[in-house]
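Here are my notes for you, point by point. Have the model open while you read, and look each place up as it comes along.

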Amino acid sequence: TDIALLHHGRPRLSPQGAAVGRWRTMVEAIDAHTVGLGGDSRVTLDEQEGLVVGPQRVVPVAWLAHRYPGVREELEAQWTLLAARPHHATGEFLLAQREAAGEPGEPPTAPALWGALREGPRSLREVHALLRYPTLYAGYLQRLERHGHVARAGLTPTDAAHVLGLFGEWDAEAARLAARLLARRLGCDVEALCRRVIEEASRGIAREVIAKALGDDGLNGHHQETDSALIASALRPREDTLLDCTLRLRPPIVAVGAPVATYFPRVADLLHTGLTLPPHAEVANAVGAVVGSVVARVQALVVPQQEGDVLRVYLPGETADFGALPEAIVHAERRGREIAAAEAVRAGAADIEIEVEREDHTAPVANGWGADLYVETRLAISAVGRPRLAAR
C-alpha cells in the first residue's frame, strides 16, 4: 500500500525519496509512505495463536489453485490430517521461481526437492517430508524464500474476500479450504475468520494513513508510546477505558488499485472521512504508468552578497548578479522556466505547463531598528506535461 498526500491535484515530492517502512530511499521521488499491507499479505498465527496480517507478501491460495488444479486436492488432504497433525496442515505452499545451487546449509535431499518443485507447487507438508529433517533445514528454506528462489503461497486477505463473495476472480473453494484450516485452529467458523482478516487489513491500512498524516504534520515520533496508545484506542475502542478517542482525517481518501473496494470503505469509516473510488480504479495504476504526468523541477535561489548591493541568482550550473531584487527575481524565474521545460522535453513530455512557487525569507531585527532584514528568495519551478506517446 502506497500513501501520498495530494495538494492542488499533485503529490508532493521529497528530496529524501519515498519512505519504505522506516527507511528512506534518498532519491527524489513522490513523498509516499509505503507499507507491506494489502491483498497479498500473509495471514498466519503468532506464538500466542493470535491472528496476524502481513507484513510478509505471499501468493493467494485462490490464484495458486486456479493455476494448479492439484492444490485443492492437497488442501482437502490436509483437512483430513488436521485433527491428528495440526502443525502439518498449514495450508501453505512453496512455488519455484529460479533454481538455487550451493546455498548455505543445502541438504543432501535438495535435488529431490527441486525435482518436485519443477513439477509445480508443493505444500509445506510435502516439502518437509522431502527434506526429512525440516527443523534442521529451516534456515535453508528461509534463505531460498528471502533470495527469491521460491515463493510462498498461503491464506491472504484476497482469499478471505473470495470466501465472503467480495472478490471472485479465482478459485473460491480453495480459498475456503485454506481458511477452514486456520479457522479450526482458532476455534471459529470460516466466515467469522474471513471477516476478521478483512477487518485487520483495513485497520492496518488506517493506522498507516494516520502515520502518514502525523508525519506530514511534523508530529510523528515525538511521543511514540502515547501516540500508539491513542491511535489503538481510536481504531479499536474499548468499554473499560477512561478515554474515548476519535480520529478524523480532514482530507478525503481517493483509493485506486484492484482490491480497494474491499478495504477502503472500512478505512474511511474508521477515519471518519470521505472516500472516492474512481471508475475503473482497479486498473488506475497500470493506466497511470502509461499516461501519468512527466515532472521536471528546478530550484532557484536569490541571495544578497556581502560585497555592496549585489543579489546573486543561483540556478543549476550557472549564477548571475543583479543590483535590484525585482531584476534578480525576473531572471531567476525566466531561466528556471527555460531549464525546467528543457528537462521535461528530454524526459519525454509534451503539452508542458509551468508552475512557479515563491518563498521570501526575512529575519527580524532587534526592536526599534525598523523593518525585517531580507535573507533570500527561493523559487521552485515545475514543468509538467503528458508523455509524448500519450499526447499523440
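1. Let's begin with one pair of residues: leucine 301 stands opposite tyrosine 314 in strand 18. Strand 17 (residues 294-304) and strand 18 (residues 311-315) pair in the antiparallel sense over four bridges. Here, two strands pair if DSSP finds at least two bridges between them. Helices (H or I, at least four residues) and strands (E, at least two) are DSSP runs, numbered from the N terminus.

2. Before going further, keep in mind that this is a predicted model: local features need pLDDT of at least 70, side-chain atom pairs count only at pLDDT 80 or more, and totals for chains, interfaces and linings use all residues. Residues are numbered from 1 along each chain as its sequence is written, and side-chain values use heavy atoms, with hydrogens and water left out.

3. Now zoom out to the sheet around that pair. The sheet is open, with five strands in the order 19-18-17-21-20 and antiparallel pairing. Strand 19 (318-322) and strand 20 (349-363) are at the edges with a single partner strand each, so one side of each has no neighbour in the sheet. On average, neighbouring strands of this sheet are turned by 15° against each other, direction ignored. Helix 12 (residues 325-346) packs on the sheet and touches strands 17, 18, 19, 20 and 21; contact means heavy atoms within 4.5 Å. The direction of helix 12 makes about 25° with that of strand 21 (373-387). For such angles, axes are lines fitted to C-alpha atoms, for helices over the stretch in contact, and the angles run from 0 to 180 degrees between N-to-C directions.

4. Another open sheet has four strands in the order 11-14-12-13, and its pairing is mixed. Where does the mix show up? Strand 11 and strand 14 run parallel and are joined by two bridges, while strand 12 (residues 93-96) and strand 14 (residues 150-154) run antiparallel, with four bridges. You can check some partners in strand 14: proline 60 stands opposite glycine 154, phenylalanine 93 has alanine 153, and leucine 95 has alanine 151. Helix 3 (residues 110-118) lies across strands 12, 13 and 14, at about 85° to strand 12.

5. Is strand 14 mostly covered or uncovered? Mostly covered: five of its five residues are buried, where buried means under 20% relative accessible area, exposed over 50%, and partly exposed in between (1.4 Å probe, protein chains only). Val150, Arg152 and Gly154 point one way, and Ala151 and Ala153 the other. That fits a general habit: in a regular strand the side chains alternate between the two faces of the sheet.

6. Helix 8 (residues 190-216) passes a simple length check. At 1.5 Å a residue, its 27 residues should span 39 Å, and its end C-alpha atoms are 39 Å apart, which agrees. The expected span is 1.5 Å times one less than the number of residues. Just after helix 8, glycine 218 takes a positive phi of about 75°.

7. Finally, try threonine 273, in the loop between helix 10 (260-271) and strand 16 (275-276). Threonine 273 counts as buried because its relative accessibility is 16%. Leaving aside neighbours within four places in sequence, its contacts include Leu249, Pro251 and Ala268.
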